[in-house]
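Student: I'd like a close look at just one part of this structure, please. Take me through it slowly, and then show me how it fits with the rest.

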Amino acid sequence: MSSAIPRTGFVVFCVILVLTLALYPVLKTLGVQIHSAITGSYVAGYHSVLLVNCPTEQTARDIGRSIMEKRLAACVNIFPRTNTMYYWKGEIRDASEILLLVRTRTSVVQRLVAYIKAVHPYDIPEIISFPIDDGSQHYMKWMEDAVTDI
């Protein structure tokens with residue numbers, strides 16, 4: 001009988017631990033929102049900016065539009081043609097590319113990267129992510145509302 005009490009306590013502890021780990025993303029998001037609401041400040045790193053180079057303007061438009069349609073980004077800028085130099089297969093190459101500047105939630109960056117890799121024509125597309133440290137609270141709220149966090 002005495003061994004049943006410690007065993008029950010251990011089982012309860014394990015259940016609580018598993019639930020906490022399973023609910024961590026929800027708890028983290030809730031904590032960030034509560035902190036932001038109470039302090040009126042932005043929590044650094046909650047949103048990110050991605051840079052993505054594309055070979056043509058049409059490719060950039062297609063990728064940008066599909067990102068927006070999937071609600072993976074709040075905004076996509078398409079910058080005009082840039083000149084790029086890079087190493088590829090042991091040689092220095094010159095190319096012209098179109099740059100996408102993508103703003104999104106940090107929590108969807110990995111899904112966004114996976115999607116871009118799946119639709120991008122390059123073997124190794126340039127996809128670079130930077131967390132946003134600070135910015136307009138109203139703009140950040142707009143970004144939060146614009147991007148689904150599924």
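Which residues of helix H4 (residues 109-119) are buried?

Tutor: Keep in mind as we go that this is a predicted model. In helix H4, the buried residues are Val109, Leu112, Val113, Tyr115 and Ile116. Those five span an arc of only 165° around the axis, so they sit on the same side of H4. The spacing fits the usual helix geometry: an α-helix has 3.6 residues a turn, so residues three or four places apart point the same way. Now turn the helix over. The face of H4 pointing away from its buried side carries Gln110, Lys117 and Ala118, which are exposed.

What does the buried side lean on? The buried residues of H4 pack against strand E1, helix H3 (57-69), strand E3 and strand E4 (127-131). Some of those elements turn up again in the nonpolar core. The largest such core has 17 residues, and the ones with the most contacts inside it are Ile67, Leu100, Val102 and Leu112. Leu112 is also one of the buried residues of H4. E1, H3, E3 and H4 each put at least two residues into this core, and H4 gives the most, with 5 residues. As a rule, nonpolar side chains in soluble globular proteins tend to be buried together.

Leu100 deserves a stop of its own. Ignoring neighbours within four places in sequence, Leu100 is in contact with Leu50, Leu51, Val52, Cys54, Ala60, Ile63, Gly64, Val76, Asn77 and Ile78. Apart from the core that H4 feeds into, there is another one of 12 residues, including Tyr42, Ile132, Met143 and Val147.

Next, the strands around the helix. E3 (residues 91-105) pairs with E1 (residues 47-54) in the antiparallel sense, over 8 bridges. Within that pairing, Leu50 stands opposite Val102 of E3, and Val102 is among the residues with the most contacts inside the largest core. E3 also runs antiparallel to E2 (residues 75-88), with 12 bridges joining them. There, Met85 has Asp94 in E3 as its bridge partner. The E2 and E3 hairpin leaves 2 residues between the strands, and Lys89 takes a positive phi near 55° in it.

Further along the sequence, there's a small aromatic detail to pick up. The structure holds 1 aromatic pair. It is formed by Tyr139 and Trp142, and it is tilted, at 5.2 Å centre to centre with 40° between the planes. Both residues lie in helix H5 (residues 137-146), 3 residues apart, or about one turn of the helix. Neither ring's residue counts as buried, because Tyr139 has a relative accessible area of 33% and Trp142 has 39%, with the cut-off for buried being under 20%.

Finally, zoom out to the protein chain. Its secondary structure comes to 5 helices and 4 strands, in the order α-α-β-α-β-β-α-β-α along the sequence. Of its 150 residues, 30% count as buried. Among contacts with a separation of 6 or more, 73% are between residues 24 or more positions apart. The radius of gyration is 21 Å, whereas a compact globule of 150 residues would have one near 15 Å. Along the principal axes, the C-alpha atoms fill a box of roughly 75 × 40 × 25 Å.

Methods. Residues are numbered from 1 along each chain as its sequence is written. This is a predicted model: local features need pLDDT of at least 70, side-chain atom pairs count only at pLDDT 80 or more; totals for chains, interfaces and linings use all residues. Side-chain values use heavy atoms; hydrogens and water are left out. Two strands pair if DSSP finds at least two bridges between them. Rings of Phe, Tyr and Trp (its six-membered ring) pair if their centres lie within 6.5 Å; planes under 30 degrees apart count as stacked, over 60 as edge-to-face and the rest as tilted. Buried means under 20% relative accessible area, exposed over 50%, partly exposed in between (1.4 Å probe, protein chains only). The arc is that of the directions from the helix axis to the C-beta atoms. Contact means heavy atoms within 4.5 Å. A nonpolar core is a set of buried Ala, Val, Leu, Ile, Met, Phe, Trp, Tyr and Cys residues joined through side-chain atoms within 4.5 Å. The radius of gyration is taken over C-alpha atoms; the globule rule is 2.2 Å times the number of residues to the power 0.38.
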